[in-house]
Amino acid sequence: MKTMNMKPFAVALLVSCAAQAAQFVEIDPLTTRWTFGAHEPYTMYRRVGNHCTGGIDGNAQWVKPWLDWWDEHAPEKMEELGLNFLHSRFYKGMGWEVEKKDFPGVQKFVRNCHKHGVKALAYVQFCTLYPEVMRAEIPDIDNWASIDFMGRKNLYGGYNGQYFRWAPCLTCKEWEEYTKRMCTIALTDGGFDGIMFDNVFDMPCYCDRCQKAFRAYLSKIKNPAERFGFDDLRYMLLPRLDMSRLRDMDVKDPVLQAWALWRCGLMNGLLMRLREHIKSVKADAIVSGNPTALARASLPPRRTWPSSARRSTSSSCSARTSRS
Ligand SMILES: [Zn+2]
């Protein structure tokens, strides 16, 4: 960027903004030229069978040849255009036994990126389990899923979302460890420069594990009678409200408020543990994601990106369009 014609104030402001941005991201905002990578597997397009990511028709005969993204053409073109950053196909939530079939192509693509001065982040889907294929690898997959207050699996996209994609329960330690393992593979054998978590959403879960964890959180609140009216909170229930109602109401119910805080802490702790794991594998790895923040202070966090995680985690804003 040429600055010789810019007024000193504008230059100072630009530098100040860049310095501020640098507090939140581990990339140089002035030299980074990000572009949207092809992050979907062929299996995803075919399974959807309809228009989906990028406006691509999943049933189109040309999908497979169009997805020959692991050749050298794209990184070479990026270098020619001055682009130096992308996220790339790596893990879509189908289980590694299915997804590893693409891995040789993924590794080749990352090598090609580096050859042309392009940094590559591994796309890791945060909010999807594909039980139709993952069950073969994870027979206990039902225990990894998030449950709505009617006892149904929470689906990607809500109640009318994709029936073949379940949202994970954020208190499921097995899912967390599996996600960490995906990050390890990406940063070691995959050769990636960092991780891009897509769809960092928190759908309210009503499984027994979450109920127990919420009661454990409540048990640590001092003088509960002053806040909740009751001394004994051992049998409190997870608030059962349709999320569409919560968007338009003031949340003064103390249990709803406690539930919101607990869920913020849950997401915060999870993201920090993921970040710490990623950094333990590769100290200079970039950690980014596609979150949806709180709409207003009184709204329980349907989707959250806690500030303490944001301080040490970069959010790739352009990835906000990649909800798929
Ligand atoms: Zn749960």
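## A walk through the fold

Of the contacts in this chain between residues at least 6 apart in sequence, 76% join residues at least 24 apart. Keep in mind as you click around that this is a predicted model. With the whole chain on screen, colour by secondary structure: you should find 13 helices and 10 strands. Colour by burial instead, and buried residues come to 35% of the 324 residues.

**Stop 1: helix H4**

Select residues 73-81, which form helix H4. Which residues of H4 are buried? They are Ala 74, Pro 75 and Met 78. Look down the axis of H4 and you'll see these buried residues fall within an arc of 95°, so they line one face of the helix. The background is simple: an α-helix has 3.6 residues a turn, so residues three or four places apart point the same way.

Now show what the buried residues of H4 pack against: strand S1 (34-35) and helix H6 (103-115). Spin the view to the face of H4 turned away from its buried side, and pick out the exposed residues His 73, Lys 77 and Glu 80. Before leaving, click on Gly 82, just after H4, where phi is positive at about 85°.

**Stop 2: Leu 170**

Next, select Leu 170, in the loop between strand S7 (162-166) and helix H8 (173-187). Is Leu 170 buried or exposed? It is buried, because 23 other C-beta atoms sit within 10 Å, and 20 or more is enough to count as buried. Leaving out residues up to four places away in sequence, Leu 170 touches Asp 202, Cys 205, Leu 266, Met 267 and Leu 270. Try a distance label on one of those partners: Met 267 is 97 residues from Leu 170 in sequence, but the two are 7.4 Å apart in space, C-alpha to C-alpha.

**Stop 3: H8 against H12**

From that loop, carry on into H8 and add helix H12 (residues 254-281) to the selection. Two packed helices are described by the angle between their axes and the distance between the axes. Here the angle is about 30° and the axes are 10 Å apart. H8 and H12 are therefore roughly parallel to each other, since angles under 35 degrees count that way. Their crossing is right-handed.

Turn on side chains for the contact. On the H8 side, pick Glu 176, Thr 179, Lys 180, Cys 183, Thr 184 and Leu 187; on the H12 side, Leu 270, Leu 274, His 277, Ile 278 and Val 281. By class, that contact has 6 nonpolar, 3 polar and 2 charged residues. You have met Leu 270 already, as one of the residues Leu 170 touches.

**Stop 4: two asparagines**

Most residues other than glycine have a negative phi, and most peptide bonds are trans. Which way does phi go at Asn 199? It is positive, about 60°, although the residue is not a glycine. Asn 199 lies in strand S8 (residues 194-200) and is buried, with 21 other C-beta atoms within 10 Å.

Jump to Asn 223, also not a glycine, with a positive phi of about 50°. Look for it in the loop between helix H9 (208-218) and helix H10 (224-228). Asn 223 counts as exposed, having 8 C-beta neighbours inside 10 Å.

**Last stop: Tyr 217**

Step back into helix H9 and select Tyr 217. With 18 other C-beta atoms within 10 Å, Tyr 217 is partly exposed. Finish by labelling its distance to Ala 258: 8.7 Å, C-alpha to C-alpha, across 41 residues of sequence.

Conventions. Residues are numbered from 1 along each chain as its sequence is written. This is a predicted model: local features need pLDDT of at least 70, side-chain atom pairs count only at pLDDT 80 or more; totals for chains, interfaces and linings use all residues. Helices (H or I, at least four residues) and strands (E, at least two) are DSSP runs, numbered from the N terminus. A residue is buried if 20 or more other C-beta atoms lie within 10 Å of its own, exposed if 12 or fewer, and partly exposed in between; C-beta atoms are placed from the backbone. Two residues are in contact if their C-beta atoms, placed from the backbone, lie within 7 Å. The arc is that of the directions from the helix axis to the C-beta atoms. Axes are lines fitted to C-alpha atoms, for helices over the stretch in contact, and angles run from 0 to 180 degrees between N-to-C directions. Angles under 35 degrees count as roughly parallel, over 145 as roughly antiparallel, 65 to 115 as roughly perpendicular and the rest as oblique. A crossing is left-handed if the near helix is turned anticlockwise from the far one by less than a right angle, and right-handed if clockwise. Ala, Val, Leu, Ile, Met, Phe, Trp, Tyr, Cys and Pro count as nonpolar, Asp, Glu, Lys and Arg as charged, and the others, Gly among them, as polar.
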